[in-house]
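Got the viewer open? Keep the selection box handy and we'll go stop by stop.

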Amino acid sequence: MTDTVTIPRAEYERLLTIAEDAADIAAYDRAVSRLASGQEELVPAQYANRLIDGESPLRVYREFRGLTQVALSEASGVNRVQIADIEAGRKSGSIETIKKLASALGVSVDDLI
């Protein structure tokens, strides 16, 4: 046999709202903690909008980091022409290449694909 409790709908909805608010607060606290520890970073809207609009993530993150293609090439060990081809969408780059670029930019591979 299960224990059941019957409460008025208004009380149920009030408790549900409190539970949802508590979940939102916990998610916020986790996000703030990840930002404070450096596990996450904020991306300004101008860059986020470019990603949303479908611009090359490699180009967006490279420019967000203030790097030229040459500087990214030197930091990652990936040929500058290959970087230009990936940014222009002419080539996708191997997994190894994307890993090198992601590491140099301080982002995950998922961020670049």
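A quick definition before the clicking starts: a salt bridge here is a side-chain nitrogen of Lys or Arg within 4 Å of a carboxyl oxygen of Asp or Glu. You're looking at a predicted model, where local features need pLDDT of at least 70 and side-chain atom pairs count only at pLDDT 80 or more, while totals for chains, interfaces and linings use all residues. Residues are numbered from 1 along each chain as its sequence is written, and side-chain values use heavy atoms, with hydrogens and water left out.

**Whole chain**

Start in cartoon view. The protein chain has seven helices and zero strands, where helices (H or I, at least four residues) and strands (E, at least two) are DSSP runs, numbered from the N terminus. Turn on the principal axes if your viewer has them: the C-alpha atoms fill a box of roughly 70 × 30 × 25 Å. The radius of gyration is 22 Å, against near 13 Å for a compact globule of 113 residues; it is taken over C-alpha atoms, and the globule rule is 2.2 Å times the number of residues to the power 0.38.

Now colour by accessibility. Buried means under 20% relative accessible area, exposed over 50%, and partly exposed in between (1.4 Å probe, protein chains only). Of the 113 residues, 21% count as buried.

**Salt bridges**

By the rule above, there are eleven salt bridges. Select Arg-50 and Glu-55 and show sticks: their side chains meet in one of these, at 2.6 Å from N to O. Glu-55 is partly exposed, because its relative accessible area is 26%.

Next, pick Arg-62 and Glu-87. Their closest N and O atoms are 2.5 Å apart in another salt bridge. Arg-62 sits in helix H3 (residues 57-64) and Glu-87 in helix H5 (residues 80-88), so the pair links distant parts of the chain, 25 residues apart. Are these two buried or exposed? Both Arg-62 and Glu-87 are buried.

Add Arg-59 and Glu-63 to your sticks, and you'll have the whole network of salt bridges: Arg-50, Glu-55, Arg-59, Arg-62, Glu-63 and Glu-87.

For another pair, go to Arg-34 and Glu-40, whose closest N and O atoms are 3.0 Å apart. Arg-34 counts as partly exposed because its relative accessibility is 34%, and Glu-40 is partly exposed too, at 39%.

**Nonpolar core**

Which residues make up the largest nonpolar core? Select Leu-58, Tyr-61, Leu-72, Val-78, Ile-83, Ile-86, Ile-98, Leu-101, Ala-102, Leu-105, Val-107 and Leu-112. Such a core is a set of buried Ala, Val, Leu, Ile, Met, Phe, Trp, Tyr and Cys residues joined through side-chain atoms within 4.5 Å. H3, H5 and helix H6 (95-105) each give two or more residues to this core, and H6 gives the most, with four.

Zoom in on Tyr-61. Leaving aside neighbours within four places in sequence, Tyr-61 is in contact (heavy atoms within 4.5 Å) with Leu-51, Leu-105, Val-107, Asp-111 and Leu-112.

**Nonpolar patch**

Last stop: switch to surface and select Val-5, Ile-7, Tyr-12, Leu-15, Leu-16 and Ile-18, which make a nonpolar surface patch of about 550 Å². Patches are made of residues with over 30% relative accessible area and no salt bridge; like charges are joined within 9 Å, nonpolar side chains (Val, Leu, Ile, Met, Phe, Trp, Tyr) within 5 Å. Areas come from the Shrake-Rupley method with a 1.4 Å probe, and for residues only the protein chains shown count as cover. Leu-15 lies in helix H1 (residues 9-37) and is partly exposed, because its relative accessibility is 39%.
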